[in-house]
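Colleague: Please take a close look at one part of this model and walk me through its surroundings. Plain terms will do, with each cut-off explained once.

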Amino acid sequence: MQIKPLSFKVEEVKGPLGIFVFEDDKKNLEFLGPYKRDVEKILEMENFKGKEESLVKVPLLLNQEVRTFYIVGLGESQRTTEESYRYAVALLVKRATKDKVKELYLYAGELNHRLSKALAEGALLGSYRFDKYKTKKEEEKAQIESLYIHSAEEEGIKLGEIFAQAQNFARDLVNEPGNVINPITLAEIAQRLSQEYGLECRVYDEKEIQAMGMQALWSVGKGSSTPPRFVHIIYKPKTEAKDRIAIVGKGLTFDSGGLNIKTGDYMRTMKMDKSGACAVLGIMKAIAQIKPCVEVHGIFGAAENMPSGSAYRPDDIIKAMNGKTIEIDNTDAEGRVTLADALSYASNLGVSKIIDMATLTGACMVALGEYTAGLFTNDDQFEEEILALSKLTGERMWKLPMDDKRLREKIKKGEADLLNSGGRYGGAITAAMFLEEFVGEGIKWVHLDIAGPAHMREEFGYYTKGGTGFGVRSCLEYILKVCKEG
Ligand code: BES
Ligand code: MN
Ligand code: ZN
């Protein structure tokens with residue numbers, strides 16, 4: 001879909017026209033000019049109030065021609081956010097796609113840079129589908145070709161397109177099953193992406209992984225017939241970098257649980273356990289296009305957690321890259337083990353900040369529900385910045401505590417420095433505490449447990465069932481903020 005700002009009058013519009021209105025302010029309907037009265041009558045009949053996530057289709061017969069209007073609610077004007085615009089345009093696009101519309105027009109009032117960006121994001125995220133494996137005919141997969149937005153700002157639209165395309169790229173990768181994306185193919189995708197966009201990319205194979213001292217990543221991956229890979233993508237600005245940031249992702253291309261094997265219901269959807277790594281790839285793709293004044297390192301260990309004769313076991317004691325030893329309590333707590341090496345590696349790059357994203361614990365979903373990521377940090381200011389940006393992006397995050405000394409003791413029991421599971425209670429927190437052991441001195445760190453929002457079981461807003469690309473836009477906003485404000 002191409003999105004363009006365009007100035008038009010209601011009489012000039014060729015295709016269907018969407019109009020956004022607030023619950024308490026419907027002045028945008030003025031744009032309808034001569035059609036306003038008729039549309040208002042229909043809205044009244046349909047009992048349309050302008051509530052968020054409401055849409056009424058109004059077909060009118062005018063001089064023997066049918067004109068279609070879609071009136072979309074934004075909710076109360078005082079409570080409206082960028083996310084309301086993303087939701088509204090996604091609803092509009094989903095409906096118009098169903099109606100086989102090719103050219104869609106939108107009037108959403110006066111639009112600044114941020115709202116123009118939000119509309120482009122919502123439209124592209126809302127039109128996302130993962131149907132490449134459906135063998136139905138191409139015409140059944142028809143998409144809207146053009147969206148013309150009145151009073152939109154071109155630069156905002158362009159940036160929104162980059163953000164949404166990066167997120168949709170991540171969604172595509174998440175949705176690919178384990179027989180298509182494995183550690184080797186995921187590393188190849190990283191290499192291809194880097195080549196295409198002029199990024200530096202280093203891929204380490206299983207021998208190099210062991211030679212670097214990454215016994216943790218190696219142990220998790222060695223039970224699979226597809227060996228692990230370690231991926232490091234680098235973006236460097238042309239001029240001197242204002243800051244150096246690492247984005248680290250959990251990259252389990254499939255998580256069967258290993259010898260502590262999951263039961264069927266819990267194993268289903270575990271192709272999404274690579275969501276953090278896929279978000280990293282989406283972010284690097286966007287960064288290569290935006291070219292901010294910050295150095296960005298995209299990092300992930302890719303592995304498949306499988307049970308086999310060569311799999312790591314409960315009771316095993318292994319050494320991570322930073323020298324700390326880990327006793328395996330449960331092979332299904334594998335994400336933190338792979339991240340131990342990824343965070344150690346990232347800490348050696350001279351970065352001032354690390355954000356990691358991981359589908360780490362079911363416990364985080366129990367605590368916060370499946371729509372909110374858990375946020376953990378060692379720096380309050382970093383936390384506040386990320387939380388403020390998450391309000392803009394609509395990617396819900398909530399802080400969980402890291403100061404519980406008694407809880408921290410649970411991962412220090414056993415025969416090694418650390419135990420890879422702290423038991424049932426506070427499971428998301430003990431997992432985060434485990435990760436913190438591998439973050440270098442003086443580095444500001446935020447960990448996002450995206451086990452819930454990385455993947456949706458139902459369609460809503462701009463999401464479809466499946467991978468969401470959660471975290472891509474918030475991280476991008478953060479990197480751009482550092483570039484702008486230092
Ligand atoms: N990948 C899972 C976490 C997960 C669960 C993500 C459900 C998304 C949906 C992770 O590797 C895992 O298995 N965690 C265990 C940890 C436990 C064994 C300490 C869990 O949450 O049960
Ligand atoms: Mn697991
Ligand atoms: Zn996992």
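**Asp273 and the metal site**

Modeller: Asp273 lies in the loop between H8 and H9; helices (H or I, at least four residues) and strands (E, at least two) are DSSP runs, numbered from the N terminus. This is a predicted model, in which local features need pLDDT of at least 70, side-chain atom pairs count only at pLDDT 80 or more, and totals for chains, interfaces and linings use all residues. Residues are numbered from 1 along each chain as its sequence is written, chains are lettered from A and ligands numbered from 1 in the order in which they are written, and side-chain values use heavy atoms, with hydrogens and water left out.

Start with how far Asp273 is covered. Its relative accessibility is 1%, so Asp273 counts as buried (under 20% relative accessible area; exposed is over 50%, partly exposed in between; 1.4 Å probe, protein chains only). Setting aside neighbours within four places in sequence, Asp273 is in contact with Lys250, Gly251, Leu252, Asp255, Glu334 and Thr359 (heavy atoms within 4.5 Å). With Thr359 there is also a polar contact, side chain to side chain, at 2.4 Å (a pair of N or O atoms within 3.5 Å; within protein, one must be able to donate a hydrogen and the other to accept it, and residues adjacent in sequence count only if both atoms are side-chain atoms).

Next comes the zinc ion (ligand 3). Asp273 is one of its protein donors, through OD (donors are N, O and S atoms within 2.8 Å of the metal, or 3.2 Å for Na, K and Ca; water is not among the atoms, so sites may look incomplete). The other protein donors of this ion are Lys250 (NZ), Asp255 (OD) and Glu334 (OE), and the distances run from 2.0 to 2.4 Å. Along the chain, the donors of the zinc ion (ligand 3) are spaced as K-x4-D-x17-D-x60-E. The arrangement is octahedral because the six donor atoms around the zinc ion (ligand 3) subtend angles of 77 to 172°. (Six donors count as octahedral, and four as square planar, if opposite donors are over 155 degrees apart and all others between 65 and 115; four are tetrahedral if all angles lie between 85 and 135 degrees; anything else is irregular.)

Asp255 deserves a word of its own. It bridges the zinc ion (ligand 3) and the manganese ion (ligand 2), and these two ions lie 3.2 Å apart. The pair of Asp255 and Asp273 links distant parts of the chain: Asp255 sits in strand S9 (residues 244-255), Asp273 in the loop between helix H8 (264-267) and helix H9 (275-290), 18 residues apart. Asp255 has 3% relative accessibility, so it too counts as buried.

Now the manganese ion (ligand 2). It is coordinated at 2.0 to 2.2 Å by Asp255 (OD), by Asp332 through both O and OD, and by Glu334 (OE). Its donors are spaced along the chain as D-x76-D-x1-E. The six donor atoms around the manganese ion (ligand 2) subtend angles of 71 to 167°, which makes this arrangement irregular. Asp255 lies in strand S9 and Glu334 in the loop between strand S12 (325-327) and helix H10 (335-347), so this pair ties together parts that are 79 residues apart in sequence. Both residues, Asp255 and Glu334, are buried.

Ligand 1 completes the picture of this part. It is surrounded by 18 residues (each with a heavy atom within 4 Å of it). The closest are Lys262, Asp273, Asp332, Glu334 and Gly362, and three of these names come with polar distances, as follows. Asp332 places a polar side-chain atom 2.8 Å from an oxygen atom of ligand 1. In Glu334, a side-chain N or O atom is 2.9 Å from an oxygen atom of ligand 1. For Gly362 the atom belongs to the backbone: an N or O atom there lies 2.7 Å from an oxygen atom of ligand 1.

For contrast, consider some residues elsewhere in the chain. Gly221 is found in helix H7 (residues 215-221) and counts as buried, because its relative accessibility is 0%. Gly221 touches Thr226, Pro228, Ala303 and Glu304, not counting residues up to four places away in sequence. Glu383 sits in helix H12 (residues 380-393) and is buried as well, at 10% relative accessibility. Gln64, in the loop between strand S3 (55-62) and strand S4 (65-73), is exposed, with a relative accessible area of 75%. It also has a positive phi of about 70°, although it is not a glycine.
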